Amino acid sequence: MYEVLTQINSPEDVRKLSPQQLEKLCSEIRSYILECCAVNPGHVGSSLGAVELIVALHYIYNTPQDKIVFDVGHQAYAHKIITGRREAFRKNRTVEGISGFPKREESPYDAFGAGHASTSISAALGFAEAARLQGTGERTVAVIGDGALTGGLAWEGLNNAGSSKADILLILNDNNISIDKNIGGLHEYLLNLTTHPVYNLVKNKVWNSMGEGKARDWVQRKVIDTKSNLVRGSGGALFESLGFRYFGPIDGNDMEQLICTLQRLRNLHGPRLLHIHTRKGAGFAPAEANPTVWHAPGRFDPATGERVKTNYPADRYQDVFGEVLVELARMDSKVVGVTPAMATGCGMNMLEKAVPERFFDVGIEEEHAVTFSAGLAAAGMKPYCNIYSSFSQRAYDCIIHDVALQNLPVVFCFDRAGLVGEDGPTHHGCYDLAAYRSIPGIAISAPRNETELKQLMYTGLSLKDGPLIIRYPRGIGEGEPWREAPYQALPKGRGEKLLDGEGVAILGLGPVVNRALGAALKFKADAGKAPAVYDMRFLKPLDVAILEEAAGFKAVITVEDGCLKGGLFGAVSEYFAGRAGAPLIKGVGIPDRYMTQDTQKAQRTACGLDEDSLLEQVKELMKNL
């Protein structure tokens, strides 16, 4: 089935292939990606679209000596497959398999780790300048998508790289979409370039009509230069003004064009930008027709494209957020939603459909999303800014300086908080509790179920004195009948006792408190007594009344789906520090290491956050009292 692919164990094998074999290799890589991802889900559409680009890069460049730096890494599956990890790719994103993103420890061909967007230009510039200073002669290529190019870090890198005159090639892989459809001025600018009549005239009337032989090669080289100059005059001047020589746009799914162009560009020096136009999901009709769904489609039939339907036993937190936000927007005309390119993932696409004029997808721009929300709040609106927990780290300064310092009532909804499963260390939302607890004037909450998420979002309607963070995990909820629950504002800094007990008090934060309650009830069924269980609900401000009640117990267990250092365990330990007769404090949460990719269930068990592990903690403490 894979006549050519089975012969490829490194890029050196790719460089031995004929042009016809390269085309066949690309076709086989697509089939292999689909075969593997059909049973082991991953990022499909972006990787299918970049197959020719990746094969051409390894064909022209002397990797791993020459460096290819990927942005995000969603498009790097072909890269992994042809760099000695073909069989390992069958277990991509599993605990015993390779990472779904470039990872330096995994292969010398992964020049720089990725997972978050807009990093490739800055990192590639570092490689290029190091090669110059060390005199190694290594070439550096950065591959960035048009969605990631909207990020502020990408433009900082562009500005510095262009002025540095470094020997760097930036490939702008423009497929007209990131996860959801691209929005904004840069998207329109790139669309104008790729649809410009001069470009299409040259492409359709000249390039495609050429014959064979040396004369064709000479003419094609002239066409590249001429076309670049013509398109540059129609809009490419933006990149030229930053110090880059602009080339393109060319068809990034045309192997012949790619190789011809890359060969010429490899021999040039200084900052160069090649603009290619690819099709997300190229070669697989279902993915081309619906690129948003096929960004990460789950399991599917590779022959038909029919997706395996997932029957969730409860509503997902992202769907609760989406539905509640629409209801709040209908209650209050000042409610607006802001997301940095995660509308479908976080559920805000529901607001886009229901109240489009109050929906803002700002692109992959977390810092801008936060400060834009601050401006909305300062002008009297009620922004709900939804950012994945790990991505919020990129906007840390803006949250402090632009929101909290000015005491602005922005509601931050941090989706994917805690352990996220197969996406692994780059995407875990482990650090938000510890990171934001130190900020004055900010409230931090974590609902234990869908109803509490609904109530906390409703609480945000009356927010006046500073920002509120609501953080909740990826995946399904507890099965609560949240739609029937009446709206009720929850008092800031107030938790709830869930179970009376003796000896040990369990203070939980977020949905893991349900596992703690289950462990306590199991212990009671066997021992006739139970530890007390409290839902803290707020990390900041802490419920002092609960803490004073907990002071009467022999031991306290804190339970949180966040890093132990600086989170609930840190806050409770600080509260009791130096107090005579204070209870023993035991913390259960994410340890001080990067958790590897695995299922969420397995990751939580590894951290002791499952019901059985918590039961053992209770038994051990109760036994020693």
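**Cores, sheet and cavities of a predicted model**

Trainee: Leaving aside its neighbours within four places in sequence, with which residues is Phe 412 in contact?

Mentor: This is a predicted model, in which local features need pLDDT of at least 70 and side-chain atom pairs count only at pLDDT 80 or more, while totals for chains, interfaces and linings use all residues. Residues are numbered from 1 along each chain as its sequence is written, and side-chain values use heavy atoms, with hydrogens and water left out. Contact means heavy atoms within 4.5 Å. Once neighbours within four places are set aside, the partners of Phe 412 are Val 370, Cys 385, Ile 399, Val 403, Pro 467, Leu 468, Ile 469 and Ile 470.

Trainee: Which helix gives the largest share of the largest nonpolar core?

Mentor: A nonpolar core is a set of buried Ala, Val, Leu, Ile, Met, Phe, Trp, Tyr and Cys residues joined through side-chain atoms within 4.5 Å; buried means under 20% relative accessible area, exposed over 50%, and partly exposed in between (1.4 Å probe, protein chains only). The largest such core has 77 residues, of which Tyr 384, Phe 412, Met 457, Ile 470 and Leu 507 touch the most other members. Helices (H or I, at least four residues) and strands (E, at least two) are DSSP runs, numbered from the N terminus. With eight residues, the largest share of this core comes from helix α13.

Trainee: How many residues form the other core, which includes Trp 294?

Mentor: This second core lies apart from the largest one. Among its members are Ile 8, Val 44, Leu 258 and Trp 294, and its total is 53 residues.

Trainee: Why is strand β8 described as largely enclosed by the rest of the structure?

Mentor: β8 has a neighbour on either hand: β6 (residues 335-339) pairs with β8 in the parallel sense over four bridges, and β9 (residues 411-415) does so over five, where pairing requires that DSSP finds at least two bridges between two strands. Val 336 has Pro 383 as its bridge partner in β8, while Tyr 384 stands opposite Val 411 in β9. Strand β8 (residues 382-388) is largely enclosed because the number of its seven residues that are buried is six.

Trainee: Is Glu 366 buried or exposed, and what is its relative accessible area?

Mentor: Glu 366 has its place in helix α16 (residues 366-378). Not counting residues up to four places away in sequence, Glu 366 touches Pro 340, Ile 387, Phe 391, Arg 394 and Ala 395. Glu 366 is buried, because its relative accessible area is 4%.

Trainee: Which are the edge strands of the open sheet of five strands?

Mentor: The strand order is β12-β14-β13-β16-β17, with mixed pairing. An edge strand pairs on one side only, and this applies to β12 (496-499) and β17 (584-590).

Trainee: Which residues cover the two faces of β13?

Mentor: Strand β13 (residues 504-509) pairs in the parallel sense with β14 (residues 532-535) over four bridges and with β16 over six. Six of the six residues of β13 are buried, so the strand is largely enclosed by the rest of the structure. On one side the buried residues are Val 504, Ile 506 and Gly 508, and on the other they are Ala 505, Leu 507 and Leu 509.

Trainee: What angle does the direction of helix α21 make with that of β14?

Mentor: In β14, Asp 535 is the bridge partner of Gly 508. Helix α21 (residues 512-527) packs on the sheet and touches β12, β13, β14 and β16 (555-563). Axes are lines fitted to C-alpha atoms, for helices over the stretch in contact, and angles run from 0 to 180 degrees between N-to-C directions. On that basis, the angle between α21 and β14 is about 165°.

Trainee: Which residues of helix α4 are buried?

Mentor: Helix α4 (residues 51-60) is mostly covered, with nine of its 10 residues buried. Those residues are Val 51, Glu 52, Leu 53, Ile 54, Val 55, Ala 56, Leu 57, His 58 and Ile 60.

Trainee: What distance separates the C-alpha atoms of Leu 242 and Lys 165?

Mentor: Leu 242 is found in the loop between α10 (214-241) and β4 (245-251). Leaving aside neighbours within four places in sequence, Leu 242 is in contact with Trp 155, Leu 158, Asn 159, Gly 162 and Ser 163. Leu 242 and Lys 165 are 77 residues apart along the chain, and their C-alpha atoms are separated by 11 Å.
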